[in-house]
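Biologist: Could you pick one part of what is shown below and take me through it closely, with the cut-offs behind each term? After that, please connect it to whatever else deserves a look.

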There are 2 protein chains.
Amino acid sequence: MGISALRPGTRNDTGIQAMSEDLRTRFGERFQTGEAIRAQHCHTTTWVPSQLPDGVVFVETVEDVKSVVRLAGQHEVPIIPFGAGSSLEGQTNAPSGGISLDFTRMNKVLSVNAEDLDCTVEAGITREELNEYLRDTGLFFPIDPGANATIGGMASTRASGTNAVRYGTMKDNVLAVTAVMADGEEIRTAHRARKSSAGYDLTRLLVGAEGTLGILTSVTLRLQGIPEEIAGGYCNFPTLQQACEAVIMTIQLGIPVARIELMNPPQVRACNAYSGLALPELPSLFLEFHGSPASVKLQSEAFGEIARDNGSSEFQWTANPEERAKIWKARHNVFWSAKGLRQGGTVIATDVCVPISRLAECITQTEADIEAHGLLGPIVGHVGDGNFHVSLVIDADNPAEIAAAEDFIARLNSRALAMDGTCTGEHGIGQGKQEFLVAELGGAVDVMRQIKRSLDPKNILNPGKIFALD
Amino acid sequence: MGISALRPGTRNDTGIQAMSEDLRTRFGERFQTGEAIRAQHCHTTTWVPSQLPDGVVFVETVEDVKSVVRLAGQHEVPIIPFGAGSSLEGQTNAPSGGISLDFTRMNKVLSVNAEDLDCTVEAGITREELNEYLRDTGLFFPIDPGANATIGGMASTRASGTNAVRYGTMKDNVLAVTAVMADGEEIRTAHRARKSSAGYDLTRLLVGAEGTLGILTSVTLRLQGIPEEIAGGYCNFPTLQQACEAVIMTIQLGIPVARIELMNPPQVRACNAYSGLALPELPSLFLEFHGSPASVKLQSEAFGEIARDNGSSEFQWTANPEERAKIWKARHNVFWSAKGLRQGGTVIATDVCVPISRLAECITQTEADIEAHGLLGPIVGHVGDGNFHVSLVIDADNPAEIAAAEDFIARLNSRALAMDGTCTGEHGIGQGKQEFLVAELGGAVDVMRQIKRSLDPKNILNPGKIFALD
């Protein structure tokens, strides 16, 4: 099934109506059913067509969440947790209708333990709100998926981003969660110890479950000390293969790069056009190093040597914030540069992830396939992890272009899987990647379904995401 | 329930007899029922009383594992996966009888991908066998729980050890597993991409499940480059509080120590006696640094400064292998030094883990409680993670000492939980810590039970471990 053929699920209209009445009684003005508000609660950035919920509850407390979940169970109505709506694979759509839970009012920092480098926050806080709050403590939360997503949403899609190569993904940075399960009871999956071998790892089961097993109410996160020094650097290579070889050697030598980002020539060209730069249109790497001034210097020089050995241009790096901003300007504007390639164009952001030994081959074949499909699609990659994104820029009103994009995406996923990779490094499955998940994991998806059925027997928690149950 | 009151479960004698006949037909000499062999398949190092299986199958292939699991399902007989038997909480006991699956013949390295820093191994390989195999590749597998455990066993108990502070635990180092589930089908939980957000994290669900949800057949691991340089160091502090403050500052500053181990004065005294050393009987830290020569020097000097600021003796460090071995000699002999404290004594190794801000307080109270109980119990800690071990040395034939030990352990666990910690940092729950797991996670344990029931409806996979189902 392509996204263009997204079909609605079966609606329980009687239940939805009865539940809406109960919600109006319980929540008053905090329950909204106007179309504009409902439309805002599908998503904000994806090209996946919207499927509106029937109403939106603005939850403010765990008790609110519990009572919505209990009503949903009683009336057998779907509920869809909603943070910032920045997910990319239809995770917040309501294919069978139901009620959206807006978490933006549950955005408090509950505790910060500076000595332990951890904090506990309500699920609806955004990562920028959190980092703003933390600024005076000398700590920061490193995961940066680009969008100003909520922590609950980032946990639910197992998000990561540019600095996962150094700091890991949400899987590595969530110490514990509390979640309201389908029976309306809240559980805590762990406490604040840095490690534990106490029973099943329910934390990691809920991280990445896209709200289908429980509704996250709070998240305990690992924090990092703000680096004493941050340096940025840039270089380009005659070939993609050489750029990737430099990445592999950097990782093998254990140089703790904070970011190592690749742009292919079409992406450099797009950035040049958008940001008024004149970077050579060659495979390019953008790096960031975190540490003490001495350690940052060691890292930068060690990388510079590797890059040179692999035929790069001179590796220019600097710890001066203004100079660094100049070097990274192109990378920061990637999304808008893609959008700028075509007036009125719709950007389809899609990602896969492969072992880094296969990265050059995978990107090269993908570039050829973009060309063969007559598509516009610059590529940018979090290449330390083998993760890359294609930003297809299409005319969303042209069925032929949509068909070409869908065919291209299917081939991209097959290619990544054939190289021992995954159909999504950081966007999740949602509605958009279900057929690729089955291609990737086969029988394991049946195990996921068994877990879903046992923990949510009435299928009320974000149904229709990750897999179909029937 | 204390360990001393360990009770057998209900036996399905008819099923066990019928299954044994089938196993004899299918496996011939590879199925053994002699008492000596059965006794070897309970454990090797724990003080938990043995509960023997009824027979042992030496599996050699995935097909072998599948057929044992299918027979177990058909006859409703427990099966218990067995690696090296080095688990500490009764994980390989057979409380309701059943069949032990000996994995030591499934010890092949299936693939090594040096460029991707990963490998795939059969579950029965030991970590020393693996590192021996890897030596020529310049790579190593860092997790070191002390014992020469199997990779399958380490994954199943979510093991870690001295260098988890740098390299993480099994949770962080297992990329994927294959497992035979209760229906006899093998699933693969992921492929080789460094990160993925494709569906439920079944990898992390099976890591730490102690063989109760599926039987691991192969494990894909992250590897590390062997560090160019390794340095070791030692210093002591007037007080435990100061030693812990130094640890906290080291972690906060992001110094990537590979190991940071604490010994309390009784442990130093035991090591002095056992290894003929004359270290001051003070709270002591042993460190290891991995990296380039320049980076190791930077790390050692930075730590030395922190230690001095916290009142330590001069921090002595060296990259010379012989000198380093001398410094670490005491730490390496910790287990034997405890055993040497009392002729014929039995060592009860128990662990908890707390946020590092609470570590000094937790250890200080624990020391007082050891004294109040009239017990011998040196303490050693993987303190970068807040994890520490008490090695109680008791006369296992003296019921009063066993009762004192059990009371002490119960109080130790309550203390750790009251400090937002966990009842086990790296040993797992097995049979020994079930009551503490419930105290720690409450309703979340019911969620674990729901998952267990859905994935293993006949309760044949290592029943009676982690929690009771009734």
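**Where the chains meet**

Modeller: Happily! Let me start with the interface: 100% of the interface residues of chain B are also interface residues in chain A, so the copies meet through the same surface. Contact here means heavy atoms within 4.5 Å. Before going on, please keep in mind that this is a predicted model, in which local features need pLDDT of at least 70 and side-chain atom pairs count only at pLDDT 80 or more, while totals for chains, interfaces and linings use all residues. Residues are numbered from 1 along each chain as its sequence is written, chains are lettered from A and ligands numbered from 1 in the order in which they are written, and side-chain values use heavy atoms, with hydrogens and water left out.

Back at the interface, 75 residues of chain B and 75 residues of chain A take part in the contact. Together, chain B and chain A bury about 6,100 Å², and carbon and sulfur atoms give 59% of that area. Of the area that chain B buries against chain A, Lys195(B), Ser197(B) and Tyr200(B) supply 16%, more than any other three residues. Buried area is the accessible area, taken with a 1.4 Å probe, that two parts lose on being put together, summed over both.

How are the copies arranged? A turn of 180° with a shift of 0.0 Å along the axis lays chain B on chain A with an RMSD of 0.0 Å. The two copies are therefore related as by a two-fold rotation axis. The superposition is a least-squares fit on the C-alpha atoms of residues with pLDDT of at least 70 in both copies.

Now to the aromatic rings. Rings of Phe, Tyr and Trp (its six-membered ring) pair if their centres lie within 6.5 Å; planes under 30 degrees apart count as stacked, over 60 as edge-to-face and the rest as tilted. Over all chains, this rule gives 14 aromatic pairs. One of them is the edge-to-face pair of Phe286(A) and Trp328(A), with 6.2 Å centre to centre and 65° between the planes. Phe286(A) lies in strand E14 (residues 284–291) of chain A and Trp328(A) in helix H12 (residues 321–332) of chain A, so their pair ties together parts that are 42 residues apart in sequence. Helices (H or I, at least four residues) and strands (E, at least two) are DSSP runs, numbered from the N terminus.

Both partners count as buried: Phe286(A) has 1% relative accessibility and Trp328(A) has 3%. The cut-offs are under 20% relative accessible area for buried, over 50% for exposed, and partly exposed in between (1.4 Å probe, protein chains only). Phe335(B) and Trp336(B) also pair edge-to-face, at 5.1 Å centre to centre and 85° between the planes. Here Phe335(B), at 36% relative accessibility, is partly exposed, and Trp336(B), at 47%, is partly exposed as well.

Returning to chain A, Phe286(A) and Trp328(A) form one aromatic cluster with Tyr234(A). Arg259(A) adds a charge over the face of Trp328(A), 5.9 Å from the ring centre. In chain B, Arg26(B) lies over the face of Phe27(B), 4.4 Å from that ring's centre. A charge sits over a ring if NZ of Lys or CZ of Arg is within 6 Å of the ring centre and within 35 degrees of the ring normal.

Another arginine has a different setting to describe. Arg415(B) is part of helix H15 (residues 399–418) of chain B and counts as buried at 9% relative accessibility. Neighbours within four places in sequence aside, Arg415(B) is in contact with Cys362(B), Gln365(B), Thr366(B) and Asp369(B).

Towards the start of the numbering, Gly9(A) belongs to the segment before helix H1 (13–27) of chain A and is partly exposed, at 33% relative accessibility. The C-alpha atoms of Gly9(A) and Pro95(A) are separated by 5.3 Å, although their positions lie 86 residues apart along the chain. With neighbours within four places set aside, Gly9(A) is in contact with Pro95(A) and Ser96(A).

One backbone detail to finish. Most residues other than glycine have a negative phi. Glu76(A), in the loop between helix H3 (62–75) and strand E3 (79–82) of chain A, has a positive phi near 55°. Glu76(A) is partly exposed at 44% relative accessibility. Phi of Glu76(B) is likewise positive, near 55°.
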